[in-house]
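Q: I'm new to reading protein structures. Could you walk me through one, feature by feature?

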Amino acid sequence: MKCLFLTSSPGYGHTRAAEAIDMVLRCRYPGIETEYLDITNLMDRQVSDAIQDGYLRMTAEQPELYQKLYDMDKDIYRQLAGKIPADQNLIDFLDEQQRRFFPEVAERARFCQLASYKSLDSALLNTLINSVCNRNKIPAGRLLTQGLLALIYNILAARLRKFVNEYEPDFLIVTQMYPNALLSHSIKKGLIKQPVIGVLTDYGVHGVWVRDTTSVYCVSHEEAAEELHQQGIAEERIKVTGIPLVPAFSNIPTQSQARAYLDLNSGPTVLITGGQCSIGVMDAVKQLLNDDRHQYQILVAAGSNTAAMDDLQQLAKRYHNRFKLYGWCKDISHLICAADIVIGKPGGLTLSETLACGRPFIATCCLGGQEAHNVQFLQAKKVGLQAGLDQLPKVLDDLFSNPELLRNMKRNAYQLGRPDAARAVVAELENILRQDDEMYIEPTSAFGL
């Protein structure tokens with residue numbers, strides 16, 4: 001039996017969810033073969049890097065523009081489709097991104113000269129950027145832009161179809177919305193026939209997820225299920241499983257056990273995390289270390305891609321009695337359980353892990369888009385809140401000085417946690433496979449790792 005996981009960068013949460021499901025599958029079916037495909041790897045490397053860097057830049061430097069794109073704002077998409085002239089902020093952003101990754105192309109475009117491209121992908125991306133930024137200077141600019149968008153989609157869909165058909169999986173598990181959308185056309189044409197399980201890794205639903213070709217959707221919570229249903233997906237195709245976590249979260253330590261394991265004291269403790277890129281970590285650390293009124297024990301799970309690692313290491317040496325720095329790891333259950341409160345970027349996987357350990361979450365660095373859904377969820381369920389960095393010391397002071405409030409938030413979080421979500425996803429997959437006698441294989445072990 002073969003399984004193909006489809007993910008997309010940037011953001012490591014999609015892959016972590018896939019890995020959690022993979023662990024359960026390997027336990028149930030020791031002979032299973034699994035493969036991962038990040039769809040950004042279907043593109044030329046330089047183009048892929050430019051797109052991923054653009055995403056991170058936009059969320060950090062142009063959050064309003066990113067939110068409009070995420071919300072599928074009508075005017076923004078009309079601009080990208082060439083139907084109306086682009087706003088200057090969009091032009092400036094695209095122009096800067098082109099200069100960062102394709103300076104020779106940007107310079108030639110400035111003088112309306114033909115440029116040479118290193119690859120088809122580079123030609124398509126740069127021509128699209130030039131057509132958006134110079135709509136009025138390019139003959140038939142509107143038609144060119146619309147045609148380019150359709151061509152780019154069809155090329156990526158064809159590459160994905162080729163990969164799937166060459167690998168020949170028995171089923172596909174998709175943890176990000178864009179590969180799910182790229183599969184749709186090929187499935188409708190009968191060119192891909194395997195069942196597709198869509199696993200949503202946030203607490204809200206984006207419209208790009210909504211496809212008739214997805215066999216079943218596994219979602220984080222009842223509210224996400226209702227939102228998906230309201231967007232036209234039949235109830236029987238929606239399953240509330242939770243966001244998949246690695247097996248360690250099904251058997252978490254007590255706080256005292258976690259602190260003993262990490263050699264920590266029993267004082268008020270916070271964990272700061274910013275995902276694999278450690279977004280916002282350094283700012284939060286400095287804010288707390290500069291607060292002389294409270295001597296919180298500060299734990300940091302630093303991502304492997306952070307540019308601030310040297311500075312964090314220096315701070316860890318200087319404040320060795322208060323500040324403990326840990327490298328990025330896939331299982332941070334001990335760190336979360338050792339803390340009283342988790343602080344940082346509200347990615348879906350991070351929030352799911354925090355809830356499974358029964359800890360409240362304070363979002364200090366929200367990138368908008370899907371993370372805005374996550375913040376809304378934790379606030380509505382009274383398991384956390386959003387706070388600016390300048391508010392962080394006071395928010396922590398309010399929580400630690402009100403033990404009953406903190407206990408209630410921890411209890412609410414624990415009740416919402418779904419540590420066995422990966423097993424629930426595999427159970428839904430098996431329900432689909434049972435409908436095809438030729439495809440279904442009896443597992444060799446019960447659920448449990």
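Q: Let's start with a single residue. In which loop is the place of Arg-359?
A: Happy to help! Keep in mind that this is a predicted model. To place a residue, look for the elements on either side of it. Arg-359 sits in the loop between helix 15 (348-356) and strand 11 (361-363).

Q: Does Arg-359 count as buried or exposed?
A: Here we use relative accessibility, and the cut-off for buried is under 20%. Arg-359 has a value of 9%, so it counts as buried.

Q: Which residues is Arg-359 in contact with, leaving aside its neighbours within four places in sequence?
A: For this, look at what surrounds the residue in space. Arg-359 is in contact with Gln-255, Ile-336, Cys-337, Ala-339, Asp-340, Val-342, Thr-354, Lys-410 and Ala-413. Another way to look at folding is to compare sequence distance with distance in space: Arg-359 and Arg-407 are 48 residues apart along the chain, and their C-alpha atoms are separated by 9.3 Å.

Q: Which backbone oxygen lies 2.6 Å from a polar atom of the side chain of Arg-359?
A: Polar atoms are a good thing to check next. That backbone oxygen belongs to Ala-339. The Arg-359 side chain also reaches the backbone oxygen of Cys-357, at 3.0 Å.

Q: Can we practise on another residue? Where is the place of Gln-176?
A: Use the same steps. Gln-176 is found in the loop between strand 3 (171-174) and helix 9 (177-188). Its relative accessible area is 10%, so Gln-176 is buried.

Q: What does Gln-176 touch, not counting residues up to four places away in sequence?
A: Gln-176 touches Leu-6, Thr-7, Ser-8, His-14 and Trp-209. There is a polar pair to find as well: a polar atom of the Gln-176 side chain lies 2.7 Å from the backbone nitrogen of Tyr-178.

Q: Now the whole chain. How many helices and strands are there in the protein chain?
A: Counting elements gives a quick overview: the protein chain has 19 helices and 12 strands. For overall form, we compare the radius of gyration with a rule for globules. The chain's value is 23 Å, close to the 22 Å that the rule gives for 449 residues, so the chain is as compact as a globular protein of that length.

Q: What percentage of the 449 residues do buried residues make up?
A: Buried residues make up 54% of them. Contacts add to the picture: among those between residues at least 6 apart in sequence, 69% join residues at least 24 apart.

Terms used. Residues numbered from 1 in each chain as written. Predicted model: local features only at pLDDT ≥ 70, side-chain atom pairs only at ≥ 80, totals over all residues. Heavy atoms only, no water. Helix = DSSP H or I, 4+ residues; strand = E, 2+ residues; numbered from the N terminus. Rg over C-alpha atoms; globule rule 2.2 N^0.38 Å. Buried < 20%, exposed > 50% of the residue type's maximum accessible area, 1.4 Å probe, protein only. Contact = heavy atoms within 4.5 Å. Polar contact = N/O pair within 3.5 Å; in protein donor to acceptor, adjacent residues only side chain to side chain.
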